[in-house]
Amino acid sequence: MRLCEELPDSFKLYHLQKCPIIFFCRNNGYAISTPTSEQYGGDGIAGKGPGYGLHTIRVDGNDLLAVYNATTAARKLALEENKPVLIEAMTYRLGHHSTSDDSTAYRTSEEVTQWGGIDNPIVRFKRYITERGWWNEEKEKAWQAEVSSVVRKKVLTNLTSSEKEKLAHYHEMFEGVYKTVPEHLRRQRAELDEHIKEYGSHYPVDRQLTN
């Protein structure tokens, strides 16, 4: 989770304008390598919502059904009462932040193992459906076998196919927001055109669609 400077302004604006929008905060305990204990005062983001006039829900982010129910309730409130809603889902990031991140540099493997084995949402939901007789080890083995063969092949086939598709033209990053592209974006687009002319060999321009 990362607290952006624009967030408080967004809270205030959408409350004042009575916008039917849902802010979904997945509080996973870290902002890249910075723990939430060094990100804010208090115990989370939910406590800040009422100060901006937001109807606020805090939910166990590792409980699939609880998150579904909270989101359903938030959607109903936003649409029927035309107001913004803040949801804070308390969870934990098991993996690294990105491919360039090594989370072992700022947290222990024991910490990750504990969360992964006890409070993992996949493990919890599997336990839930197993206890109700909707899932068992036989179905698990059959599913794993299907994933290892059929599903994996489909994924690799689709990835290979998509890699052959043409890329969107870089001009598209300046379009789709304004009916008429404003001057400052036209200027930036022209600057990028000049950059591509000079350094085009460093970009996959040959793979992009014509504009």
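Where does Asn82 lie? In this predicted model, Asn82 sits in the loop between helix H2 (64–81) and S5. Its backbone is a bit out of the ordinary run: phi of Asn82 is near 55 degrees, a positive value in a residue other than glycine. With a relative accessibility of 37%, Asn82 counts as partly exposed. Lys18 makes a good companion case. Lys18 is not a glycine either, yet has a positive phi of about 55 degrees, and it is found in the loop between helix H1 (6–16) and S1. Lys18 is partly exposed too, at a relative accessible area of 44%.

Stepping back to the whole fold, the chain carries six helices and five strands. Walking along the sequence, the order of these elements is α-β-β-β-β-α-β-α-α-α-α. The radius of gyration comes out at 23 Å, whereas the globule rule gives 17 Å for 211 residues; the value is well over the rule, so the chain is more spread out than a compact globule. The C-alpha trace spans about 60 × 50 × 40 Å along its principal axes. As for burial, 25% of the 211 residues in the chain are buried.

The aromatic residues come next. Searching the whole structure turns up eight aromatic pairs. One of them joins Tyr14 and Phe23, whose rings are 5.8 Å apart centre to centre with 50 degrees between the planes, a tilted arrangement. The two partners differ in how much surface they show: Phe23 is buried, with a relative accessible area of 13%, while Tyr14 is partly exposed at 28%. The dividing value here is 20% relative accessible area, under which a residue is called buried, so Phe23 at 13% falls on the buried side. Tyr14 and Phe23 also belong to one aromatic cluster, together with Phe11 and Tyr52.

Another pair is made by Tyr30 and Tyr92. Their ring centres are 6.3 Å apart and their planes meet at 75 degrees, so this pair is edge-to-face. Tyr30 belongs to strand S2 (residues 30–31), and Tyr92 to the loop between strand S5 (85–90) and helix H3 (109–118), so the pair ties together parts that are 62 residues apart in sequence. Both of these tyrosines, Tyr30 and Tyr92, are buried. Tyr30 has a charged neighbour as well: the charged end of Arg107 sits over the ring of Tyr30, 5.4 Å from the ring centre. Tyr30 therefore has two partners to look at in the viewer, with Tyr92 as its edge-to-face ring and Arg107 as the charge over its ring.

Among the helices, H5 (residues 137–163) deserves a look from end to end. H5 has 27 residues, and its first and last C-alpha atoms are 37 Å apart, close to the 39 Å expected at 1.5 Å a residue. H5 is not straight throughout, though: a kink of about 40 degrees is centred on Val147. At the start of H5, Asn136 points a side-chain oxygen to within 3.1 Å of the backbone nitrogen of Glu138.

Helix H6 (residues 183–199) contains Ile196. Ile196 counts as buried, at 14% relative accessibility. In space, the C-alpha of Ile196 is 9.9 Å from that of Tyr170, with their positions 26 residues apart in the sequence.

A few buried positions round off the picture on the strand side. Asn27 has its place in strand S1 (residues 22–27) and is buried, at 3% relative accessibility. The side chain of Asn27 is in polar contact with the side chain of Tyr40, at 3.0 Å. Gly44 lies in the loop between strand S3 (34–35) and strand S4 (55–60). Despite being in a loop, Gly44 counts as buried, with a relative accessibility of 3%. The C-alpha atoms of Gly44 and Cys25 are 10.0 Å apart, and the two residues are 19 residues apart along the chain.

Definitions and conventions
Residues numbered from 1 in each chain as written. Predicted model: local features only at pLDDT ≥ 70, side-chain atom pairs only at ≥ 80, totals over all residues. Heavy atoms only, no water. Phe/Tyr/Trp six-rings, centres within 6.5 Å; stacked < 30°, edge-to-face > 60°. Buried < 20%, exposed > 50% of the residue type's maximum accessible area, 1.4 Å probe, protein only. Helix = DSSP H or I, 4+ residues; strand = E, 2+ residues; numbered from the N terminus. Lys NZ or Arg CZ within 6 Å of the ring centre and 35° of its normal. Expected span 1.5 Å × (residues − 1). Bend = angle between axes of the 7 residues up to and from the residue. Polar contact = N/O pair within 3.5 Å; in protein donor to acceptor, adjacent residues only side chain to side chain. Rg over C-alpha atoms; globule rule 2.2 N^0.38 Å.
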